[in-house]
Amino acid sequence: MKRRTFIKQTFLTGLFILSSRVSSFAKITDIFKKWKIRTVEEPTPTIDVKKYNLQVLGLIENKLKLKYDELLNLIDTKYTEEFHCVEGWTVPNLMWEGISLKTLIKMTKPFYTAEYINFYCYGNKYTESIPLKEIKDSYILALKVNNKPLEMDHGFPVRLFYPDRYGYKSAKWIKKIVFSNQKEVGFWSKYGYPEDGIIIK
């Protein structure tokens, strides 16, 4: 192969690789542009991950206090799924990683009197609740999206995600989980949003 031809082919190969990477980055950027920031907390909570602990309490045999690194080590679920907002917009092709709520149930061993998992968030405004009998494998404590930790505006360090429900059910900045025999009414449900939040297609 002539030197000039080799240089040309090497240049074209490099250009193709670069353009592919730029194209991939553009797609990721476009995805996140579609993911609008919605919160009732002003400003966004500031959380020191080094001091962060997720408390799991209530009607359970094993109470937990988990640091962020410990939560990362418990990740057992990964899938690609859209994020649907009740406002009518959707973010496609998000790869979610987190801890299945069924794993949390196995770890904590709820008493038979526990009927709900209640979630409490930084800012002390947002609450959410899921009946234990409704929980599926895909219902997770999400820690990563598209192979990266959650962005602060989207719930870092931990948020809920369950793909068959609208985004207002996926509480952000979770600090405490309580297994209870009483339901904690979700923030937006207090203002008339459907309590189940099931996506209508």
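1. Is Lys109 buried, partly exposed or exposed in this predicted model? With a relative accessible area of 44%, Lys109 counts as partly exposed, because that value falls between the cut-offs of 20% for buried and 50% for exposed. Lys109 sits in the loop between α3 and β5 (116–121), and its place in the chain is just after α3. Its backbone also deserves a look, since Lys109 has a positive phi of about 55° although it is not a glycine.

2. A second residue invites the same kind of check. Trp173, which is found in the loop between β9 and β10, has a positive phi near 55° and is likewise a residue other than glycine. Its surroundings can be read from its accessibility: at 3% relative accessibility, Trp173 counts as buried. A further backbone feature to look at is the cis peptide bond that joins Phe156 and Pro157, where omega is about 10°; Pro157 belongs to the loop between β8 (148–149) and β9 (159–161).

3. For the overall layout, it helps to walk along the chain from its beginning. The protein has 3 helices and 10 strands, and from the N terminus on these elements follow the order α-β-β-α-β-β-α-β-β-β-β-β-β. Of the 201 residues in the protein, 41% are buried, while the accessible surface comes to about 11,800 Å², with 55% of it belonging to carbon and sulfur atoms. If one takes the contacts between residues at least 6 apart in sequence, 69% of them join residues at least 24 apart.

4. Helix α3 (residues 101–108) can be examined residue by residue. Its buried residues are Leu101, Thr103, Leu104 and Thr108. Seen down the axis of α3, these buried residues fall within an arc of 150°, and so they line one face of the helix. The general background is that an α-helix has 3.6 residues a turn, so residues three or four places apart point the same way. At the start of α3, a side-chain oxygen of Ser100 comes to within 3.1 Å of the backbone nitrogen of Lys102.

5. Strand β1 (residues 53–58) has two pairing partners that can be traced in the model. With strand β2 (residues 64–67), β1 pairs in the antiparallel sense over 4 bridges, and the two are joined by a hairpin of 5 residues. Within this pairing, Asn53 has Lys67 in β2 as its bridge partner, and Leu54 stands opposite Leu66 in β2. With strand β10 (residues 174–180), by contrast, β1 runs parallel, and 4 bridges join the two; here Gln55 stands opposite Lys176 in β10.

6. The two faces of β2 are worth telling apart when turning the model. Leu64 and Leu66 form its covered face, whereas Lys65 and Lys67 form its uncovered one. This can be set beside a general rule, namely that in a regular strand the side chains alternate between the two faces of the sheet.

7. The interior should be inspected next. The largest nonpolar core has 50 residues, and those with the most contacts inside it are Trp96, Leu101, Phe119, Leu141, Leu160, Ile177 and Phe179. Strand β7 (residues 140–145) gives the most to this core, with 5 residues. One of the core residues just named, Leu101, is also among the buried residues of α3. For Trp96, leaving aside neighbours within four places in sequence, the contacts include Trp35, Tyr79, Phe83, Ile140, Ala142, Val145 and Phe161, and among them are also the residues Lys78, Glu81, Lys144 and Arg159.

8. A last residue to follow closely is Thr127, which lies in strand β6 (residues 127–131). Which atom lies 3.0 Å from a polar atom of the side chain of Thr127? The atom is the backbone oxygen of Val185. Thr127 is buried, with a relative accessible area of 9%, a value under the 20% cut-off for that class. Not counting residues up to four places away in sequence, Thr127 touches Phe119, Tyr120, Glu184, Val185, Gly186, Phe187 and Lys190; Phe119 appears again among the residues with the most contacts inside the largest nonpolar core.

Definitions and conventions:
Residues are numbered from 1 along each chain as its sequence is written. This is a predicted model: local features need pLDDT of at least 70, side-chain atom pairs count only at pLDDT 80 or more; totals for chains, interfaces and linings use all residues. Side-chain values use heavy atoms; hydrogens and water are left out. Buried means under 20% relative accessible area, exposed over 50%, partly exposed in between (1.4 Å probe, protein chains only). The arc is that of the directions from the helix axis to the C-beta atoms. A polar contact is a pair of N or O atoms within 3.5 Å; within protein, one must be able to donate a hydrogen and the other to accept it, and residues adjacent in sequence count only if both atoms are side-chain atoms. Contact means heavy atoms within 4.5 Å. Accessible areas come from the Shrake-Rupley method with a 1.4 Å probe; for residues, only the protein chains shown count as cover. Two strands pair if DSSP finds at least two bridges between them. A nonpolar core is a set of buried Ala, Val, Leu, Ile, Met, Phe, Trp, Tyr and Cys residues joined through side-chain atoms within 4.5 Å.
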